[in-house]
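Visitor: I would like a close look at a single part of this model. Please take the strands and how they pair, then move on to the cores.

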Amino acid sequence: MSEGLLHGRRVVTTRPDAGDLERRLEHYGATVVHLPLTDIIDVPVNTSVAGPIDWLVVTSANGARRSAPWASLASHRSAVGPSSAAMLSEASGEIVDLVPENASGKDLVSVFPTAPAGGGHVLIVRGEQASDEVRTGIERLGWRVTDVVAYRTQQLRVDQHVAENAVKAELVLLAASSAASAWASMCRSYQLTSPPVITIGVPTAQTAEREALRVADIAESSTIDGLVSATLDYFN
C-alpha cells in the first residue's frame, strides 16, 4: 500500500507551523519530528509608497501574507513561486499574473517584463534578510522600485536534548534558507552531525551547502508536493 511507503522512516520538518507537509508525510507512514527553527516577526513599515503601482512583487509566502495593503492598488501582481503565489492570491483576493517556472529570485527576474517607455513602478514586499537580487534585477529592466521590508526571520533557541533527538532522524526537510542556517547553527552549537537534508529549492540548497550540510536532493517543485515527492524518492 502506498500509505506505508515511509513506514519506519524518521523525518524532521522545520517550518514554524506544522500543517499539510507533516500530515502528508504521516499519511505515508513516516514518524515526523516537527522542530520549528525560526519565527517570523512583523516590523513597522516606514516606507512611503508614492504614485501608482504597476507591479506588486512578493519574494516569499510571508511577504505575500503582508501584502494586502498594496495588492489591490497594483495593476499586476507577481510571486517568486507557487506557494507564495497561492498565499498572495488568498491574502489579497486578487489574481497573480506572473510566477516563474522555477521558484527563485533569478528566475523571477528572467521572466519579468521590461519597463515601458517612460518607466514604471514596482513595489516589492520582502523580509529583512532577503537578498537584493530581485530588486536590482528589476531595476536593471528600467523600473523604479519601492522596497517594503515587512518582517524579519528570528532564529529560535533549541534545547540540547531536543536537538540530540532530532539528529537521530534519517532526513531533514528545509523549506527556507533561514531554516538551513538555523539547523546548521544548532548542530554546530551542540557538536552534532546532521542527517542528509532535502531543500525546497536551489537558493535553500546553496545556503545548506555553504553551511556544510549534505544535500541529498532538491525538491523538483518548490512546494509541499515537491518536498513530499523528493522524500518518497529518497527512501524508495
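Guide: Start with strand β6, residues 121-127. In this predicted model, seven bridges join β6 to β7, and the two strands run parallel. One pair to find on screen is R126, which stands opposite V149 in β7.

Now stay on β7, residues 144-155, and look for β3. Five bridges join β3 to β7. Here the strands run antiparallel. Pick out D42 and follow it across: its bridge partner in β7 is Y151. So far, then, β7 has been seen pairing with β6 in parallel and with β3 in antiparallel fashion.

Go back to β6 and turn to β4. Four bridges join β4 to β6, again in parallel. V58 marks the pairing, standing opposite V125 in β6. V58 also has a bridge partner in β5, namely A79. Strand β5 covers residues 74-79, and five bridges join β4 to β5. Those two run parallel as well. That places β4 in pairings with both β5 and β6.

How covered is β4? Five of its six residues are buried, so the strand is mostly covered. In a regular strand, side chains alternate between the two faces of the sheet.

Next, the loop that leads into β4. P52 lies in the loop between β3 (38-42) and β4 (53-58). Is P52 buried or exposed? P52 counts as exposed because its relative accessible area is 67%, and the cut-off for exposed is over 50%. P52 and L123 are 71 residues apart in sequence, yet their C-alpha atoms are 9.8 Å apart in space.

Then the cores. The largest nonpolar core has 23 residues. Those with the most contacts inside it are V12, L35, L37, L174, W183, M186 and L213. Three elements give two or more residues to this core: α7 (160-166), β8 (171-174) and α8 (177-189). Of these, α8 gives the most, with seven residues.

Zoom in on L213. Leave aside its neighbours within four places in sequence. L213 is then in contact with L174, A180, W183, A184, S194, V197 and A208. A second core, separate from this one, has 18 residues. Its members include I53, L56, V96 and V148. To tie this back to the strands, I53 and L56 fall in the range of β4 (53-58), and V148 falls in that of β7 (144-155).

Key. Residues numbered from 1 in each chain as written. Predicted model: local features only at pLDDT ≥ 70, side-chain atom pairs only at ≥ 80, totals over all residues. Heavy atoms only, no water. Core = buried A, V, L, I, M, F, W, Y, C linked by side-chain atoms within 4.5 Å. Buried < 20%, exposed > 50% of the residue type's maximum accessible area, 1.4 Å probe, protein only. Contact = heavy atoms within 4.5 Å. Pairing = 2+ DSSP bridges.
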